[in-house]
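Subject: Handover of a protein model with a ligand

Dear colleague,

Please find below the structure that I am handing over to you. The notes after it set out what was found.

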Amino acid sequence: MSTLSNSLHAADVAHSIHPYTNARLHEEQGPLIMTRGDGARVYDSEGKEYIEGLAGLWSVAVGFSEPRLREAAMKQMEELPYYHSFAHKANEPAIRLAEKLAEMTPDGLNRAFFTNSGSEANDTVIKMVWFMNNALGRPEKKKFLSRTKAYHGITVASGSLTGLPGNHRDFDLPIIPVTHLTCPHFWRNGAEGETEAEFTARLLTELEETIVAEGPDTIAAFIGEPVMGAGGVITPPQGYWPGVAEICAKYDILLVSDEVINGFGRLGARFGCEKYGFVPDIMVVSKQLTSSYMPLAAIMMNDKVYNAIADNTAKLGTFGHGYTTSGHPVSCAVALENLAILEERDLMGNAARLAPLFQEKLQALASHPLVGEARGVGLIGGLELVADKETKAAFEPAGSMAARVVKHAQEAGLICRNIYETVALCPPLMITEEDVEIIFARLTQALDQAADWARETGAM
Ligand code: PMP
């Protein structure tokens, strides 16, 4: 190891605690320190090259070295590095970005509220919905409906919407009234002999029965990712979303589309709700909004939500919510430039064009001895690993085989992510056909290595 790597390694182990990391294991093995990016590639402190198969955290659309984003940030830093949005203050990039998002997002979503992260955005959604229903004189209409395996963030309220055991257990969550419905994963949750259409019908019945049993007057909103990302890349069964939208409308329940991963071309359409044919009342975007070069999220809302909130602020004198850095001018300037690049280079179109190749390569791995299901859409995909293809039984201990595959992939120069039993891929939107070939060649090699190990040790 170089002297620089050595000293960074020691300092990290001595002084940091990492998100989503086993701290004791980290003390033993230390960090992988990234020092440089170039297009879809990143380089570690030893100079080793990796192709980024997860776009950072599902988020870097334009690659890791875009000079125009650097320049946009510098220009804004020089002009006005910071200003806030409280008490009628505004700045030009935040105004222009709200206007741009209103134009890009589906009809009706005309207003933007800015936060720093997806978690803060979903916390804000909860507060806005509560504020709205208090204003409308229905203070009992407060519950949220979410799904098992949903990922909506990790703050105390957004973490309550998340439907993953690791985000609740030992954190004393959920802390808000929320019901988690069945995860819309046909391969895992479909009953014996049930068709996909029957599975959808069963989930929609569960939704409606839950609303009726708990009382429509107590349920404020349904929140969902069109395609679930951090729960393991779960694509919805046919007809699911239009059915959910219809039931929500019937019982006056707001529909929130969490597009933090799905938004801006990831699924081969601009937004997930457009892909699956529904119109939400509220939409949350982040990640690819700035390619994560700067922290930023936006909550887009329709007039029904806005007007209820606005009327109440007129009564109360204020909307008592917001962050020091809501609408940060540097983040908003970077977002505007990032969206301009997506359009000028047609990167959303690039994702749609590469999707058939990407999905074909992914499906080809369905027959690999370790893979139970290959699933995905656009430029996102997941391989769920199983010890037994017939029974779909997972490897023991849970998640260990996916972690092994991801480790071998990293050694081979591919960064991807293990989520429980699933290996996830979500490359930058700017990748090429050749990059797709490289990603799958390295992933196949990693799967083969792990399968060899499983055979040798009797794990399979
Ligand atoms: N919603 C979704 C769908 C996400 O994928 C994420 C992050 N992975 C979040 C919300 C939370 O975003 P953040 O990590 O920026 O708080």
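I begin with a single pair of residues: I282 stands opposite M301, which belongs to β10. The partner strand here is β9 (residues 282-285), which is joined to β10 (residues 297-301) by four bridges, with the two strands running antiparallel. Please bear in mind throughout that this is a predicted model.

The seven-stranded sheet

The two strands just named belong to an open sheet of seven strands, ordered β4-β10-β9-β8-β7-β5-β6, in which the pairing is mixed. Strands β4 (111-115) and β6 (178-181) are at the edges and have a single partner strand each, so one side of each is left without a neighbour in the sheet. From one strand to the next, the twist averages 20°. Helix α10 (residues 196-214) packs on this sheet, where it touches β5 (143-147), β6 and β7 (219-224). The direction of α10 makes about 155° with that of β6. As general background, strands of a sheet pair through backbone hydrogen bonds, in either a parallel or an antiparallel sense.

The four-stranded sheet

A further open sheet has four strands in the order β1-β2-β3-β13, again with mixed pairing. Its edges are formed by β1 (34-38) and β13 (414-415); each has a single partner strand, so one side of each lacks a neighbour in the sheet. Within this sheet, β2 (residues 41-44) and β3 run antiparallel and are joined by three bridges, with R41 standing opposite I51 of β3. Four residues lie between the strands in the hairpin of β2 and β3, and G47 in this hairpin takes a positive phi near 85°. On the other pairing of β3 (residues 49-52), the sense is parallel, and two bridges connect this strand to β13. There I51 stands opposite L414, while E52 has I415 of β13 as its bridge partner. Residue I51 therefore appears in two pairings, opposite R41 and opposite L414.The ligand shell

How many residues surround the ligand? There are 15, and the closest are S117, G118, S119, G153 and V260. Helix α6 (residues 118-135) supplies the largest share of this shell, namely three residues. Divided by class, the shell holds eight polar, five nonpolar and two charged residues.

Domains and their contact

The protein is divided into domain 1, made of 32-65 + 346-457, and domain 2, which covers 68-344. Their C-alpha centres lie 27 Å apart. To the contact between them, domain 1 contributes 26 residues and domain 2 contributes 22 residues. On the side of domain 1 that touches domain 2, the elements giving two or more residues are α3 (55-58), α15 (347-364), β11 (371-377), β12 (380-385) and β15 (422-425). Of these, α15 gives the most, with five residues. By class, this side of domain 1 divides into 16 nonpolar, seven polar and three charged residues.

Overall dimensions

In total, the protein has 17 helices and 15 strands. Its C-alpha trace spans about 70 × 60 × 45 Å along the principal axes. For 460 residues, a compact globule would have a radius of gyration near 23 Å, and the 22 Å of the protein agrees with this.

Backbone geometry to note

Most peptide bonds are trans, and most residues other than glycine have a negative phi. Against that background, the following places may interest you.

- The peptide bond from L173 to P174 is cis, with omega near 0°; P174 is placed in the loop between α8 (165-168) and β6.
- The peptide bond from E396 to P397 is also cis, with omega near -15°; the loop between β12 and α16 (400-411) holds P397.
- D170, although not a glycine, has a positive phi of about 70°; this residue is found in the loop between α8 and β6.

With kind regards

Terms used:
Residues numbered from 1 in each chain as written. Predicted model: local features only at pLDDT ≥ 70, side-chain atom pairs only at ≥ 80, totals over all residues. Near = placed C-beta within 6 Å. Nonpolar A, V, L, I, M, F, W, Y, C, P; charged D, E, K, R; others polar. Pairing = 2+ DSSP bridges. Axes fitted to C-alpha atoms, helices over the stretch in contact; angles between N-to-C directions. Contact = placed C-beta atoms within 7 Å. Domains from an automatic or database assignment. Rg over C-alpha atoms; globule rule 2.2 N^0.38 Å.
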